[in-house]
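Here's a walk through one protein chain, from a single side chain out to the whole fold. Have the structure open while you read.

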Amino acid sequence: MSHPHPELGPPPKLPEGGLRITPLGGLGEIGRNMTVFEYGGRLLIVDCGVLFPEEEQPGVDLILPDFTSIRDRLDDIDGIVLTHGHEDHIGGVPFLLREKADIPLIGSKLTLALIEAKLQEHRIRPYTLEVEEGHRERIGPFECEFVAVNHSIPDALAVAIRTPAGMAVHTGDFKMDQLPLDGRLTDLPAFAKLGEEGIDLLLADSTNAEVPGFVPPERDISGVLRQVFGNAQKRIIVASFASHVHRIQQILDAAHEYGRKVAFVGRSMVRNMGIARDLGYLRVPAGLVVDVKTLEDLRDDEVVLVCTGSQGEPMAALSRMANRDHQIRIVEGDTVILASSLIPGNENAVYRVINGLTRWGATVVHKGNAKVHVSGHASAGELLYFYNICKPKNLMPVHGEWRHLRANAELGALTGVPKNRCVIAEDGVVVDLVDGIAKIVGKVQAGYVYVDGLSVGDVTETSLKDRRILGDEGIISIFVVVDSTTGKIVGGPHIQARGSGIEDSAFSAVIPRIEDALVKSASDGVVDPHQLQQLARRAVGKWVSDSYRRRPMILPVVVEV
């Protein structure tokens, strides 16, 4: 198995007749999925998603793929194929279309409806091409065939990309639920036909490659939900992804059976479920869904609230309820259902929300104590079955952390893919398919691009480090006035601290040290304000470290008069 090396340089020119694959997100992480295909000087993008921040990225709203490597080639992009409507696959599209608004978007009916609603908020009217399973479309030099796959959102598609260099198949996210709620199976006969034709490179979902066996059917959840609904004495509050239409359908069915009304809470939940209902993907009995404002007219045992926040997102409805910062107040006897998985990295945030809800008296039902979630990604048994059908000549695991990618490559090797044809890459690593062989040839820039409010890309790793220090250790500011000619102190030093845990009165012990350092520097002829600031910083930093074993941010200001 091949893997990227830190010393990889920029890729060479793509050989004539070769197909280049550059993942800009989704490898080594769960989210931010984006892959660029290049043939004959033209580009085709598959997905453009976002990654959600973790605790060590304070203040960040979203993390985007890095568009640097394609920024000067936007005119070469023939289209963006969207495999399905989850945020980690479509959330970055508005930010790419800000740079060139007329790049065509290709996807299924529901996927395009979800991204069009999102783009409307950004005041972008996209060019779209609606496709469905079985369709073939020529997009520049790329002949794309779309294949139905089952996932945790309706209308998901895989795409087979044919070029003279060979055929690449990108699965998107998929599983093999044999009893799907909507009756739409992963089209194994279509994949078998592609396998008979010859799949030169298979890019396959790795998220559950470590999990043995097969994913249980989505419909297995319905019995557990009915049991929870039957036992609930007061309100039921369900937290789910705003795009998990199948899960919400089961919530609606259970609410209807037990005579409860349903209200959607949160802008994205209201918007997405409205789209799904209008397009016929969500079956809603008449009178079942009501406006949240009418809930006060109903008894508690007649209410179901469906909201976002199943990943512990701080600004989502459920987190705010747990913190008593929402109009809906959790009370003793409420039942809360977290109907989703735990995305790696979100565990602490989720358990913090669970503890907060439990504190106010709620019964919290989650994956850890009840079967209220099944995965949307194929497990190892399904992947083995899939590879035996597809018979890929080269395999490139995608969509997963390093452990998932390696496990997926091992599965491919077990089914007969030569180990040197199982290409384990990471974001930015360039893979060329030439003469039927896929291999790593170089690396392009593919770092994190942070969205913070209206700012895109302005937040750097350095500023995040500063934020972490401020959050963990606080700040100490030092203000000194010196004579511009002699460097002698004429005012101060004045010291203030915030969040450091050190009382302002304690700084009287360090002021003589600052004065001594500045007097000595003045006698040596040092009058440069920047050098004086560094002297003050070092004096205070050493004192704080010796006295308190802390490392706050120290901000010295030296003013000349």
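Let's start with Arg184, which counts as buried because its relative accessibility is 14%, below the 20% cut-off for that label. Keep in mind throughout that this is a predicted model.

What does Arg184 form a salt bridge with? The partner is Glu133, and the closest N and O atoms of the two are 3.0 Å apart. Arg184 sits in the loop between β11 (166–170) and α5 (188–197), while Glu133 sits in the loop between β7 (128–130) and β8 (136–139), so this pair ties together parts that are 51 residues apart in sequence. Unlike buried Arg184, Glu133 counts as partly exposed, at 34% relative accessibility.

That pair belongs to a bigger tally: a search of the whole structure turns up 32 salt bridges. Arg299 takes part in two of the pairings tabulated here, one with Asp301 and one with Glu302. Arg299 itself is exposed, with a relative accessible area of 51%. As for its partners, Asp301 counts as partly exposed at 32% relative accessibility, and Glu302 is partly exposed too, at 21%.

| Salt bridge | N to O distance |
|---|---|
| Arg184 and Glu133 | 3.0 Å |
| Arg299 and Asp301 | 3.0 Å |
| Arg299 and Glu302 | 3.3 Å |

Salt bridges also join up into a network, which links Arg136, Arg138, Glu143, Glu145, Arg162 and Glu197.

Now for the greasy side of things. In soluble globular proteins, nonpolar side chains tend to be buried together. Here the largest nonpolar core has 63 residues, and the ones with the most contacts inside it are Leu19, Phe37, Phe191, Leu202, Phe386 and Met396. Helix α11 (residues 380–390) supplies the largest share of this core, with six residues. A second core lies apart from it, made of 35 residues, including Leu64, Ile90, Leu96 and Leu110.

Leu202 is a good place to zoom in. Which residues is Leu202 in contact with, once neighbours within four places in sequence are left aside? They are Val169, Thr171, Phe386, Tyr387, Cys390, Pro392, Asn394, Leu395 and Met396. Two of these, Phe386 and Met396, also appear among the residues with the most contacts inside the core.

Some nonpolar side chains are out on the surface instead. Phe479, Val490, Leu555, Val557, Val559 and Val561 make a nonpolar surface patch of about 470 Å². Strand β25 (residues 553–560) gives the most to it, with three residues. Val557 lies in that strand, β25, and counts as partly exposed because its relative accessibility is 34%.

For a bit of local strand geometry, look at β19 (residues 429–434) and β20 (residues 437–443), which pair in the antiparallel sense over six bridges. Val430 stands opposite Gly442 in β20. The hairpin has two residues between the strands, and Asp435 takes a positive phi there, near 55°.

Finally, zoom out. The chain contains 15 helices and 25 strands, and its C-alpha trace spans about 85 × 70 × 45 Å along the principal axes. Of its 561 residues, 54% count as buried. The accessible surface comes to about 24,100 Å², with 50% of that belonging to carbon and sulfur atoms. Among contacts with a separation of 6 or more, 72% are between residues 24 or more positions apart.

Terms used: Residues are numbered from 1 along each chain as its sequence is written. This is a predicted model: local features need pLDDT of at least 70, side-chain atom pairs count only at pLDDT 80 or more; totals for chains, interfaces and linings use all residues. Side-chain values use heavy atoms; hydrogens and water are left out. A nonpolar core is a set of buried Ala, Val, Leu, Ile, Met, Phe, Trp, Tyr and Cys residues joined through side-chain atoms within 4.5 Å. Buried means under 20% relative accessible area, exposed over 50%, partly exposed in between (1.4 Å probe, protein chains only). Helices (H or I, at least four residues) and strands (E, at least two) are DSSP runs, numbered from the N terminus. Contact means heavy atoms within 4.5 Å. Patches are made of residues with over 30% relative accessible area and no salt bridge: like charges are joined within 9 Å, nonpolar side chains (Val, Leu, Ile, Met, Phe, Trp, Tyr) within 5 Å. Accessible areas come from the Shrake-Rupley method with a 1.4 Å probe; for residues, only the protein chains shown count as cover. A salt bridge is a side-chain nitrogen of Lys or Arg within 4 Å of a carboxyl oxygen of Asp or Glu. Two strands pair if DSSP finds at least two bridges between them.
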